[in-house]
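The following exercises ask the reader to work from the displayed coordinates and to justify each step. Please examine the sequence and the structure before attempting them.

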Amino acid sequence: MIQFLLYLVTFFIGFLTLCYFQFKRSKNLKPLKNGIMIVFGSGGHTGEMLSLIKKINFKDFKKVYFVKAFSDNVSKDKVEDFLKKNKIEINNEQVEWINIPRSRQVKQSFASSTLTTLSSIIYCFIKVIKIKQIDILLCNGPGLCLPIVVSVLMNKYLMLYRRSKIIFVESWCRVKTLSLTGKILIKFVDKFLVQWEELVQLNPKIEYIGQLI
Amino acid sequence: MKKIIFATVGTTEFDELLTALVQPDMINLLAQHKFTKMVLQKGRGKFQMIEDYIKKLPIEIELFDFKPTLTNEFQQADFVISHCGAGTLLEGLMLKKKICAVVNTTLMDNHQEEILNKLLEQNYIYGIKDLNNFSSQIKEILEQLNKDVLKEYPNCDDTKIAKVIESFY
């Protein structure tokens, strides 16, 4: 019995070490150019995101995934209009729009929003495993990006695709405090960028990039 | 020559601001500064104006609740009075407009004031933090309007994010 337990413990420790080294290695793994994913959080967030993506070389990537909420029926037109107006090179076959449920409606209670967040994460995770190869994920702070970031992280740590890099840009209107989404995600993203210098002192991970709009 | 003032509250409601703007002393002040038209976007507010009152005013009034885009209104305006929403302020700034942001004090826990203070500090906009003595505050701002007190909002380097992405490769 004791021998069996010892085997089990050794096996468990071995497994953990393996996982640990895999994590460490995935830090040095470079992303490829299979897929880039952009999250449009509606309203002001979509507007801000558009000015962030203006100079990205989308044509280098095999696939471009644009994410928006099911209930958001403005962002898609806005984005397509913007791509045309700014003559951004991107093929229609490259682009795939992904609709996801909002994790939290405005004024929803805390208890019910944990439930909807959870179901939203499951929904996103299924979408993300299907895509699998997401090399770059860019999001700018709306609650909508939370389930997507969690899904991409799970995808990464379950070793389905370890090359994913996540860039989080804090919204332009955040001058002195981080958004709730930012506070939750800061530990897990690869780059955390802010547009106002005052925010840098809040956490050593924060990088000041200056105005992006 | 038309001279247009545009007041906008975005997707919120801010009837107190619109009411303050159409008071007789305010209208007279605008007329004195050669404004010929005032465009009011009321959003979700219940604000209304009586036809007879509008007819008597020395300047033209246009009132509507929403439009798919306000770009035209911004572009035509010589001066913008805006609620303190980041989206609206940003749109005006990017179109290089002279803007006065008015804080809606009826909203609690307004983190939008953070960005307002920042913009005021940098002299990119004018600001009004409460509606008391509204017309005298506006009067002061109108007097400064042609004196280049404001700095133009700078165009930013739009290749920054593309460079961050490249840095991973």
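Five exercises follow, each with a worked solution, and all refer to a predicted model.

**Exercise 1. The fold of chain A**

Determine how many helices and strands chain A contains and in what order its elements run.

Solution.
Step 1. Counting the elements gives six helices and seven strands in chain A.
Step 2. Read from the N terminus, the order is α-β-α-β-α-β-α-β-α-β-α-β-β.
Step 3. The C-alpha trace of chain A spans about 70 × 40 × 35 Å along its principal axes.
Step 4. Of the 213 residues in chain A, 36% are buried.
Step 5. Among contacts in chain A with a separation of 6 or more, 70% join residues 24 or more positions apart.

**Exercise 2. An annotated segment and its helix**

State which residues of chain A carry the UniProt annotation "transmembrane region", and describe the second of these segments in the model.

Solution.
Step 1. According to the unreviewed UniProt entry, the annotation covers residues 6-23 and 141-158 of chain A.
Step 2. Over residues 141-158, chain A is 72% helix and 0% strand. The C-alpha atoms at the ends of this stretch lie 25 Å apart.
Step 3. Helix H5 of chain A comprises residues 145-157, 13 residues in total. From first to last C-alpha, H5(A) reaches 18 Å, close to the 18 Å expected at 1.5 Å a residue.
Step 4. Is H5(A) mostly covered or mostly uncovered? Ten of the 13 residues of H5(A) are buried, and the helix is mostly covered. The buried residues include Cys145(A), Leu146(A), Pro147(A), Asn155(A) and Lys156(A).
Step 5. After H5(A) comes Met159(A), which has a positive phi near 65°.

**Exercise 3. Two lysines with positive phi**

Locate Lys132(A) and Lys34(B), and decide whether each is buried or exposed.

Solution.
Step 1. Lys132(A) is not a glycine, yet its phi is positive, about 65°. Lys132(A) occupies the loop between helix H4 (110-131) and strand S4 (136-139) of chain A.
Step 2. A residue counts as exposed if 12 or fewer other C-beta atoms lie within 10 Å of its own. Lys132(A) has 12 such atoms within 10 Å and is therefore exposed.
Step 3. Lys34(B), likewise a residue other than glycine, has a positive phi near 70°. Lys34(B) is placed in the loop between H2 and strand S2 (37-41) of chain B.
Step 4. With 11 other C-beta atoms within 10 Å, Lys34(B) is exposed.

**Exercise 4. Helix packing and two leucines in chain B**

Establish how helices H2 and H7 of chain B are oriented to each other, and then describe the surroundings of Leu21(B) and Leu95(B).

Solution.
Step 1. The axes of H2(B) (residues 24-32) and H7(B) (residues 134-144) come within 10 Å and cross at roughly 10°.
Step 2. Angles under 35 degrees count as roughly parallel; H2(B) and H7(B) are therefore roughly parallel to each other.
Step 3. H2(B) contributes Asp25(B), Met26(B) and Leu29(B) to the contact, and H7(B) contributes Ser135(B), Ile138(B) and Lys139(B). By class, these residues are three nonpolar, one polar and two charged.
Step 4. Leu21(B) belongs to helix H1 (residues 15-21) of chain B and is buried, with 21 other C-beta atoms within 10 Å. Beyond residues up to four places away in sequence, Leu21(B) touches Ala7(B), Met26(B) and Ile81(B). The C-alpha atoms of Leu21(B) and Phe134(B) are 8.6 Å apart, although 113 residues separate them along the chain.
Step 5. Leu95(B) sits in the loop between H5 and strand S5 (99-102) of chain B. Leu95(B) is partly exposed, with 15 C-beta neighbours inside 10 Å. Apart from neighbours within four places in sequence, Leu95(B) contacts Phe74(B) and Gln75(B). The C-alpha atoms of Leu95(B) and Phe74(B) are separated by 7.5 Å.

**Exercise 5. The contact between the chains**

Find which element gives the largest share of the side of chain B that touches chain A.

Solution.
Step 1. The contact takes 17 residues from chain B and 25 residues from chain A.
Step 2. On the side of chain B, the elements giving two or more residues are helix H5 (86-94), helix H6 (112-121) and helix H8 (160-166).
Step 3. H8(B) gives the largest share, five residues.
Step 4. By class, this side of chain B has ten nonpolar, three polar and four charged residues.

Technical notes: Residues are numbered from 1 along each chain as its sequence is written. Chains are lettered from A and ligands numbered from 1 in the order in which they are written. This is a predicted model: local features need pLDDT of at least 70, side-chain atom pairs count only at pLDDT 80 or more; totals for chains, interfaces and linings use all residues. Axes are lines fitted to C-alpha atoms, for helices over the stretch in contact, and angles run from 0 to 180 degrees between N-to-C directions. Helices (H or I, at least four residues) and strands (E, at least two) are DSSP runs, numbered from the N terminus. Angles under 35 degrees count as roughly parallel, over 145 as roughly antiparallel, 65 to 115 as roughly perpendicular and the rest as oblique. Two residues are in contact if their C-beta atoms, placed from the backbone, lie within 7 Å. Ala, Val, Leu, Ile, Met, Phe, Trp, Tyr, Cys and Pro count as nonpolar, Asp, Glu, Lys and Arg as charged, and the others, Gly among them, as polar. UniProt positions are given in the numbering used here, feature names are shortened, and annotations may be inferred rather than shown by experiment. A residue is buried if 20 or more other C-beta atoms lie within 10 Å of its own, exposed if 12 or fewer, and partly exposed in between; C-beta atoms are placed from the backbone. The expected span of a helix is 1.5 Å times one less than its number of residues.
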